[in-house]
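Welcome! Take a moment to look over the sequence and the model, and then let us walk through some of the features together.

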Amino acid sequence: MELRSDRIVIRGGNPLRGRVDVRGAKNLATKAMVAALLGETPSVLRDVPDISDVTVVRGLLQVHGVLVTESETPGELLLDPSNVETAHFAEIDAHAGSSRIPILFCGPLLHRLGEAFIPDLGGCRIGDRPIDFHLDALRAFGAIVDKNYEGIHLTAPNGLSGADIHLPYPSVGATEQVLLTAVRARGTTELRNAAIEPEIMDLIAILQKMGAIISVEPNRTILIEGVDRLTGYTHRSLFDRNEAASWAAAALVTHGDIFVAGARQSELMTFLNVFRKVGGAFDIEEDGIRFYHPGGELKPVTIETDVHPGFMTDWQQPLVVVLTQANGVSIVHETVYENRFGFTEALNEMGANIVVHPHGLPDHPRRVARRDFEQAAVVTGPTRLHGADIRVPDLRGGFSHVIAALSAEGTSRISNLDLIRRGYEHFVDKLADLGADFDVEG
Ligand code: EPU
């Protein structure tokens with residue numbers, strides 16, 4: 001049973017050792033649940049993590065008439081969309097407040113009901129996070145978008161038709177929006193500059209199981225031939241590579257040794273290269289990856305976050321904690337989000353030396369073309385970390401605070417843990433299993 005307290009007191013210094021099981025990816029399982037809306041028959045999704053973002057999507061599906069039941073097997077959900085119905089605004093609003101996933105309900109609901117309502121979107125506070133690509137794509141399919149003070153109301157009086165869409169940036173969410181809408185639209189959709197993250201490929205695999213015709217072409221182009229009818233799917237969710245990378249960083253920064261069961265090499269290659277360059281070691285096994293500190297000093301790196309197959313933006317926060325212990329100056333260019341270094345303030349309070357350049361480092365040689373709003377963090381190490389009182393600001397930043405506290409001298413008090421529960425399954429129990437020294441409060 002997961003310890004549910006929202007506050008934890010951590011005494012740093014214990015190496016984390018042992019095994020953690022990583023289940024389905026937050027950023028796939030939630031989308032796969034939405035895809036079930038498109039089927040005429042029930043779907044079965046396996047390895048669904050017990051995280052609060054899944055609870056949000058489950059609630060939203062239920063208010064739209066989808067019957068969601070848990071099977072005897074842990075993590076297995078049965079999703080029956082036979083009686084999809086229009087939900088009341090108040091019900092949608094009550095469930096959607098803390099997540100960005102509701103925007104992905106648009107296409108499936110337009111197909112099923114001819115209308116959709118999307119309240120103000122939540123998600124982590126990591127910049128503006130606009131939805132213009134989503135709305136432009138939906139308009140291209142023929143949806144009418146009506147914004148008012150409560151949210152966005154969409155209708156499709158003439159149904160939805162295939163479209164030619166060129167995304168301004170390979171956005172993960174907008175690519176999923178196009179896929180979930182195009183599969184049942186009339187005619188063919190050509191999507192250019194699409195995101196090709198492994199979670200997107202897994203979503204495409206699910207849609208193919210449902211009866212969709214989708215081909216992934218060279219150069220980020222995806223062709224979708226609309227079909228009249230989709231059925232349910234049975235699918236085991238791709239593992240959560242963000243969680244796997246987070247535990248890897250936890251092993252390294254605490255001088256520990258963690259076997260991450262369920263992690264796979266192919267989706268983590270870029271991360272593994274950086275982990276090795278920093279001085280971490282790993283052994284790839286058939287059923288997971290062992291991450292450990294092999295001794296010796298950690299080395300600085302320069303990295304740029306990027307879309308797949310680049311270094312994921314969700315990996316930089318735990319890595320930055322590791323870099324506070326590397327011997328020299330590291331630079332992290334954040335090119336995906338405009339405001340994803342807020343978590344470094346608390347690390348500096350703990351003794352780190354991190355300088356954030358809010359407009360990036362323009363003269364620094366870079367591989368990825370500059371975006372208007374990028375930032376850079378310069379991390380000088382090694383610095384001894386000491387305990388602090390921290391209120392978690394967002395999901396990935398929060399996890400990085402926890403691992404910083406685990407590696408620090410002295411005691412840290414960390415609150416607002418529920419934000420971490422949006423994406424890390426039973427993480428407090430996992431910490432206990434790995435030998436962390438802490439008490440839950442309240
Ligand atoms: N963007 C726009 N307009 C849009 C959509 C996106 O300008 O309409 C911009 C964003 O502001 C951002 C960039 O495009 O600067 C990339 O955003 P993207 O759409 O790719 O991200 P997302 O779909 O909102 C998902 C994950 C994130 C992950 C990113 C990048 C989910 C629920 N979220 O977000 O995960 O960081 O892709 O891989 O799948 C997390 O798990 O902690 C998390 C934030």
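## A sheet to start with

In what order do the strands of the open sheet with E4 and E13 run? The order is E4-E5-E3-E13, so to speak from one edge to the other, and the pairing among these 4 strands is mixed. Please keep in mind as you look that this is a predicted model. Strand E4 (67-70) and strand E13 (234-236) each have a single partner strand, so each of these edge strands has one side without a neighbour in the sheet. From one strand to the next, the twist averages 15°.

Strand E3 (residues 43-46) runs parallel to E13, and 3 bridges join the two. If you would like a spot to zoom in on, find Leu45: its bridge partner in E13 is His235. Helix H2 (residues 52-63) packs on this sheet, where it touches E4 and strand E5 (77-80). The direction of H2 makes about 135° with that of E4.

## A second open sheet

Another open sheet is built from 4 strands in the order E21-E22-E1-E23, again with mixed pairing. Here strand E21 (389-391) and strand E23 (437-441) stand at the edges; each has a single partner strand, so one side of each lacks a neighbour in the sheet. The twist in this sheet averages 20° from one strand to the next.

In general, the strands of a sheet pair through backbone hydrogen bonds, in either a parallel or an antiparallel sense. Which sense joins strand E1 (residues 7-11) to strand E22 (residues 411-415)? Their pairing is antiparallel, over 5 bridges. One residue to look for is Arg7, whose bridge partner in E22 is Ser415. Helix H12 (residues 395-407) lies across E1, E21 and E22, and runs at about 165° to E22.

## Around the ligand

Now let us turn to the ligand. Which of the 26 residues around the ligand come nearest? They are Lys31, Asp132, Ser171, Val172 and Val336. By class, the shell holds 12 nonpolar, 5 polar and 9 charged residues.

Some side chains place polar atoms beside oxygen atoms of the ligand. For Asp314, a side-chain N or O atom is 2.8 Å from a ligand oxygen. A polar side-chain atom of Asn27 lies 3.2 Å from an oxygen atom of the ligand, and for Arg340 the distance from such an atom to a ligand oxygen is 3.3 Å. Taken alone, the ligand exposes 830 Å², and the protein buries 93% of that. Helix H1 (26-35), helix H5 (132-140), helix H6 (172-182) and H12 are the elements that give two or more residues to the shell. H12 is thus a helix to visit twice: it contributes to this shell, and it also lies across strands E1, E21 and E22.

## Details in the loops

A few backbone details round off the tour. The peptide bond from His308 to Pro309 is cis, with omega near 10°. You will find Pro309 in the loop between strand E17 (302-304) and helix H10 (316-323). Another cis peptide bond leads from Gly381 to Pro382, with omega near -5°. Pro382 sits in the loop between strand E20 (375-381) and E21, and E21 is an edge strand of the second sheet described above.

Where is Asn219 found? Look in the loop between strand E11 (213-217) and strand E12 (221-225). Although Asn219 is not a glycine, its phi is positive, at about 60°.

Technical notes. Residues are numbered from 1 along each chain as its sequence is written. This is a predicted model: local features need pLDDT of at least 70, side-chain atom pairs count only at pLDDT 80 or more; totals for chains, interfaces and linings use all residues. Side-chain values use heavy atoms; hydrogens and water are left out. Two strands pair if DSSP finds at least two bridges between them. Axes are lines fitted to C-alpha atoms, for helices over the stretch in contact, and angles run from 0 to 180 degrees between N-to-C directions. Contact means heavy atoms within 4.5 Å. A residue is near a molecule or strand if one of its heavy atoms lies within 4 Å of it. A polar contact is a pair of N or O atoms within 3.5 Å; within protein, one must be able to donate a hydrogen and the other to accept it, and residues adjacent in sequence count only if both atoms are side-chain atoms. Accessible areas come from the Shrake-Rupley method with a 1.4 Å probe; for residues, only the protein chains shown count as cover. Ala, Val, Leu, Ile, Met, Phe, Trp, Tyr, Cys and Pro count as nonpolar, Asp, Glu, Lys and Arg as charged, and the others, Gly among them, as polar.
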